[in-house]
Amino acid sequence: MERTPDFSAIPVIDLSRCYDPSTRPELLADLRHMLTDVGFLYLINHRLSDVTNAIIDILPQLFALSPEQKCEVALINSPHFLGYSGEATETTAGQPDMREQFEFATASSDVWEDGGRKGPLFQRLQGPNQVRSLPVSSKIRGAITSYISSLSDLSITFLSLVAEALNLSPDSFDHFLSNFNRLKLIRYPPPNSTRDTKTQGVGPHKDSSGWFTFLLQASGPDVKGLQVLNNNGDWIDVAPIEGSLVVNIGQAFEVVTHGVCKATVHRVILDRLREGRYSAAFFQGIRGSLTRTEATETLRHHFEGWDAKGKPAAIAAQDVESPFLRGKYETWGESQLRTKIRSHQDVGRRWYQEVWDGYMEDV
Ligand SMILES: O=C(O)CCC(=O)C(=O)O
Ligand SMILES: [Fe+2]
């Protein structure tokens, strides 16, 4: 495998190689390259084709629901930012995203309400996922629930390999996690004649919802759209590879590893889409109570000696919002709440009136 920071292609990691002692060292070396130089990889042979195929099957059916049916699980009804939101209701990098999405999560009760509203406000992000209110067959509901549970397991296995690839003991990152993982099922519409070319499916961003993201590109192999930014400032296509999951690093992991592992900027553009594009993004949950000090101090000693590739980020990456990295908020939960409120301002205004103005003004 070619190992350079100015990558022009996304590395492929074959997970089955971790089970064979003769191939495992090479796998870990490849994984380390991905983590320190690229921030993105394709994961193949992950043994989850049953649940990924089920999601690929149900996505068109889910998005074919009528607007009224979609409204039965509207995001606006959820203080946990879980449910359906239509095109152009989410904002990234100051622009509306042309995509519609259903957001789900690990089944949970309303943690903040259950605690008598005594805990910090960010705890309110965790709550019921609206899967049972979806006006669909139990088969579709089952596919969503099984997908979340299978991806939760995979993400734990993957994380222990990541730790090993970075010369840490396999459980080193476990205490940073929460057991509340999020899943976004997404449909990007085909561009139409009234839209400009290069419409924003989702604007340039670093993932802020999770520790690692596991993305299923759920349309055919010809349906591109996802691109990542390398250090030269070039946008590199992440063309779909059948049977793969795309894995990338979230912002909190960049903080914990002192920039050794970068949360790479990415976007989805619609200009090449002849048809719609479906995807499913699973975000491995981070413990909301994780403090900035804990995040920066726990592994400082380990990562101090590493070369964080002191190269300046590409110009386009410098404009990307990163509140946790800037150190503005004491806990990761609070920084995530701010991000959610700014991304879905209508939901924020309805449920988080007391902090809405402050978060909106804080640029
Ligand atoms: O749909 C995709 O391919 C990427 C989605 C994404 O980057 C996100 O939701 O964070
Ligand atoms: Fe993303």
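Twelve positions surround ligand 1 in this predicted model: Arg-99, Ile-186, Tyr-188, His-205, Asp-207, Leu-215, Leu-226, His-266, Val-268, Arg-277, Ser-279 and Phe-283. A residue is counted here if one of its heavy atoms lies within 4 Å of the molecule. Three side chains make polar contacts with ligand 1 (pairs of N or O atoms within 3.5 Å; within protein, one must be able to donate a hydrogen and the other to accept it, and residues adjacent in sequence count only if both atoms are side-chain atoms). Arg-99 places a side-chain N or O atom 3.1 Å from a ligand oxygen. For His-205 the distance is 3.0 Å. His-266 also has a polar side-chain atom 3.0 Å from an oxygen of ligand 1. Alone, ligand 1 exposes 290 Å², of which the protein buries 96% (Shrake-Rupley areas, 1.4 Å probe). Strands β7 (182-188), β13 and β14 (277-283) each give two or more residues to the shell. The largest share, 3 residues, is from β14. Strands are DSSP runs of E with at least two residues, and helices are runs of H or I with at least four, numbered from the N terminus.

The iron ion (ligand 2) is coordinated at 2.1 Å by His-205 (NE2), Asp-207 (OD) and His-266 (NE2). Donors are N, O and S atoms within 2.8 Å of the metal (3.2 Å for Na, K and Ca); water is not among the atoms, so the site may look incomplete. Their spacing along the chain is H-x1-D-x58-H. Asp-207 sits in the loop between β8 (200-205) and β9 (212-217), and His-266 in β13 (residues 266-269), so this pair ties together parts 59 residues apart in sequence. Both Asp-207 and His-266 are buried (under 20% relative accessible area; exposed is over 50%, partly exposed in between; 1.4 Å probe, protein chains only).

The largest nonpolar core holds 70 residues. Such a core joins buried Ala, Val, Leu, Ile, Met, Phe, Trp, Tyr and Cys residues through side-chain atoms within 4.5 Å. Ile-144, Phe-173, Leu-185, Trp-211 and Phe-212 have the most contacts inside it. Helix α5 (residues 138-165) gives the most, 13 residues. A second, separate core of 19 residues includes Phe-7, Met-98, Val-238 and Ala-281.

Thr-52 belongs to helix α2 (residues 49-63). Its relative accessibility is 5%, so Thr-52 counts as buried. Beyond four places in sequence, Thr-52 touches His-46, Tyr-147, Leu-216 and Leu-245 (heavy atoms within 4.5 Å).

Residues are numbered from 1 along each chain as written, with chains lettered from A and ligands numbered from 1 in written order. Local features need pLDDT of at least 70 and side-chain atom pairs 80 or more, while totals for chains, interfaces and linings use all residues; side-chain values use heavy atoms, without hydrogens and water.
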